[in-house]
Amino acid sequence: MATLSPPLDARMLAKALAAGSVDDPFAYLGPHALPDGKMHVRVFRPDAKHVWLLPEAGGAPVPLTPQSEGLFDVTLERHPGHYRLRFASAEGGHTWEAEDPYRFGLAVSFETMSRFRAGRLYRAYEQFGCRPWTLDGVA
């Protein structure tokens with residue numbers, strides 16, 4: 001798991017994420033360890049008005065604070081474990097739950113990416129999501 005990236009203006013980050021111009025979204029989204037041992041979780045969901053983190057142990061939902069245009073975050077005392085997210089839409093208050101894809105970290109190794117960039121990754125379809133697989137119990 002990466003440590004939290006240098007602070008960025010939340011509005012600039014939300015706009016860059018919406019435009020798809022962030023080279024490494026894992027550097028900004030999902031759980032990140034802070035120097036004091038706490039965990040910072042950041043979520044980008046432009047269609048949500050409210051976001052809650054649902055701990056795996058079934059504890060009380062933890063509300064995330066809206067930062068800017070679909071960007072939400074929260075600082076926790078410790079790693080939340082295998083959590084899910086609950087969203088409430090801005091229109092009509094519809095709620096739904098989903099996995100946070102950024103809680104898994106990178107699924108492709110540095111070595112695999114280096115071989116891909118060099119044109120030496122044969123059967124790339126085996127590495128880049130073209131097959132069903134399960135990660136942390138999520139298919």
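**Figure 1. Ser89 sits in strand β7 of a predicted model.** Ser89 belongs to strand β7, which spans residues 84-89. The model shown here is predicted. Ser89 is buried, with a relative accessible area of 12%; the cut-off for buried is under 20%. The side chain of Ser89 reaches the backbone oxygen of Glu91 at a distance of 2.7 Å. Beyond the neighbours within four places in sequence, Ser89 is in contact with Asp47, Ala48, Lys49, His94 and Trp96.

**Figure 2. Strand β7 is part of an open sheet of 4 strands.** The strands follow the order β4-β3-β7-β8. Their pairing is antiparallel. Strands β4 (62-63) and β8 (95-99) stand at the edges. Each has a single partner strand, so one side of each is left without a neighbour in the sheet. Between β7 and β8 there are 5 bridges, and these two strands run antiparallel. In this pair, Ala88 stands opposite Thr95 of β8.

**Figure 3. The largest nonpolar core holds 12 residues.** Its members are Val41, Val43, Ala48, Val51, Leu53, Leu64, Phe72, Val74, Leu76, Tyr83, Leu85 and Phe87. Four elements give two or more residues to this core: β2 (39-44), β3 (48-54), β6 (71-76) and β7. Another core, of 9 residues, lies apart from it. Leu17, Val22, Leu29 and Phe44 are among the residues of that other core. Back in the largest core, Val74 is one of the members. Val74 touches Met39, His40, Val41, Val62, Pro63 and Leu64, not counting residues up to four places away in sequence.

**Figure 4. Val41 is a buried residue of strand β2.** Its relative accessible area is 0%. Val41 also belongs to the largest nonpolar core. Which residues does Val41 contact, leaving aside its neighbours within four places in sequence? They are Gly30, Pro31, Leu53, Leu64, Phe72, Asp73, Val74, Leu76, Pro80, Tyr83 and Asp100. Asp73 is 32 residues away from Val41 in sequence. In space, the two are 5.5 Å apart, C-alpha to C-alpha.

**Figure 5. Both faces of strand β2 are covered.** In a regular strand, side chains alternate between the two faces of the sheet. One side of β2 carries Met39, Val41 and Val43. The other carries His40, Arg42 and Phe44. All of these residues are buried. The count for the strand is 6 buried residues of 6.

**Figure 6. Strand β2 pairs with β1 and with β6.** Strand β1 covers residues 30-33 and pairs with β2 in the antiparallel sense, over 4 bridges. Ala33 stands opposite Met39 of β2. The two strands form a hairpin, with 5 residues between them. In the turn, Gly37 has a positive phi of about 95 degrees. With β6, strand β2 shares 6 bridges, and the strands run antiparallel. Here the bridge partner of His40 is Thr75 in β6.

**Figure 7. Helix α1 has a buried side and an exposed one.** The helix spans residues 10-19, and Leu13, Ala14 and Leu17 are buried in it. These three cover an arc of only 100 degrees around the axis, which puts them on the same side of α1. An α-helix has 3.6 residues a turn, so residues three or four places apart point the same way. The face turned away from the buried side carries the exposed residues Met12 and Ala19. The buried residues of α1 pack against β2, β5 (65-68) and β6. Leu17 is also among the residues of the core of 9.

**Figure 8. The two ends of helix α1.** Asp9 caps the N-terminal end. A side-chain oxygen of Asp9 lies 3.2 Å from the backbone nitrogen of Arg11. After α1 comes Gly20, whose phi is positive, near 75 degrees.

**Figure 9. The chain has 2 helices and 8 strands.** From the N terminus on, the elements run α-β-β-β-β-β-β-β-β-α. The chain has 139 residues, and 29% of them count as buried. Among contacts with a separation of 6 or more, 59% join residues 24 or more positions apart. The mean pLDDT of the chain is 85, and 90% of its residues reach 70 or more. Among the elements, helix α2 (residues 110-117) has the lowest mean pLDDT, 86. Strand β4 has the highest, 97. Where pLDDT is low, the predicted coordinates should not be read in detail.

Definitions and conventions
Residues numbered from 1 in each chain as written. Predicted model: local features only at pLDDT ≥ 70, side-chain atom pairs only at ≥ 80, totals over all residues. Heavy atoms only, no water. Buried < 20%, exposed > 50% of the residue type's maximum accessible area, 1.4 Å probe, protein only. Polar contact = N/O pair within 3.5 Å; in protein donor to acceptor, adjacent residues only side chain to side chain. Contact = heavy atoms within 4.5 Å. Pairing = 2+ DSSP bridges. Core = buried A, V, L, I, M, F, W, Y, C linked by side-chain atoms within 4.5 Å. Arc of directions from axis to C-beta. pLDDT = per-residue confidence, 0-100.
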